[in-house]
Amino acid sequence: QDATPMAPASAGGPPSPPSAPDPPQPASAAISLAVHSVRVRDASALPLDLPVLEVVATGLGMELARGRLEKGEGQGVLVCDAAATLPTGPGTPLRWAVADALAADDKSASDLSITLWASDGAGRREAVGEAAVNLEDLLELSADVHREPRL
């Protein structure tokens, strides 16, 4: 039986594969992440002294996307421009982060968090809501999932 040597485990995580070449991938290997709108249950609960709203998507130990929000159609709907296409080609940090997260015993290692922030535009800000999506869940469904985070 062949054994593949593993590099030492990263702090608190599973071992990473050695620096062997990655398996062939299409040149466009990437994760696309977009938050187009956010539905807020009680828009009146948003702090009036913090009029600037933005959404920040994080996960896998990094910021993935960021965008400002504006009032959309319908009460409590905020239109957002947070979108990113993140390369996961051979040798990219995100490729290893995704591999480590999916190999972890703790399923929450592959959580992506979407946080709604309110700020005054001069440095003061507070989190006013959060939602999450899990990469393992998306893979189990074998499809992209449209989610409506309710903050």
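pLDDT is the predictor's confidence in each residue, on a scale from 0 to 100.

**Entry 1, confidence.** I am working from a predicted model, so I looked up pLDDT before anything else. The protein has a mean pLDDT of 74, and 72% of its residues reach 70 or more. Among the elements, I find the lowest mean, 80, in β1 and the highest, 88, in α1. Residues 1–15 have pLDDT below 50, and the model gives this stretch 17 contacts beyond near neighbours in sequence. Residues 23–27 also stay under 50, with two contacts beyond four places in sequence. Where pLDDT is low, the predicted coordinates should not be read in detail. I left the contacts of these two stretches at that.

**Entry 2, strand β2.** Is β2 mostly buried or exposed? I took residues 52–59 and found seven of the eight buried, so the strand is largely enclosed by the rest of the structure. I then looked for its pairing with β5, residues 111–119. The two strands run antiparallel to each other, with eight bridges between them. For one position I noted the partner: A57 of β2 is bridged to I114 of β5.

**Entry 3, the core.** In soluble globular proteins, nonpolar side chains tend to be buried together. Here I looked up the largest nonpolar core, which has 28 residues. The members that touch the most others are V35, L53, V55, L60, L69 and L116. Contributions of at least two residues each come from β1 (30–39), β2, β3 (62–71), β4 (77–87), α1 (93–103) and β5. β4 gives the largest share, five residues.

I followed L69 further. Leaving out residues up to four places away in sequence, L69 touches V38, L53, E54, V55, L78, V79, C80 and L116. L53, V55 and L116 in that list are also among the core members with the most partners.

**Entry 4, S119.** I moved to S119, which lies in β5. Its relative accessible area is 13%; the limit for buried is under 20%, so S119 counts as buried. What does S119 contact beyond four places in sequence? I list L50, P51, V52, R124 and R125.

**Entry 5, R125 and rings.** R125, one of the contacts of S119, also turned up in a search for charges over rings. R125 sits over the face of W117, 3.7 Å from the ring centre. I then searched the whole structure for aromatic pairs and found zero.

Conventions:
Residues are numbered from 1 along each chain as its sequence is written. Side-chain values use heavy atoms; hydrogens and water are left out. Buried means under 20% relative accessible area, exposed over 50%, partly exposed in between (1.4 Å probe, protein chains only). Two strands pair if DSSP finds at least two bridges between them. Rings of Phe, Tyr and Trp (its six-membered ring) pair if their centres lie within 6.5 Å; planes under 30 degrees apart count as stacked, over 60 as edge-to-face and the rest as tilted. A charge sits over a ring if NZ of Lys or CZ of Arg is within 6 Å of the ring centre and within 35 degrees of the ring normal. Contact means heavy atoms within 4.5 Å. A nonpolar core is a set of buried Ala, Val, Leu, Ile, Met, Phe, Trp, Tyr and Cys residues joined through side-chain atoms within 4.5 Å.
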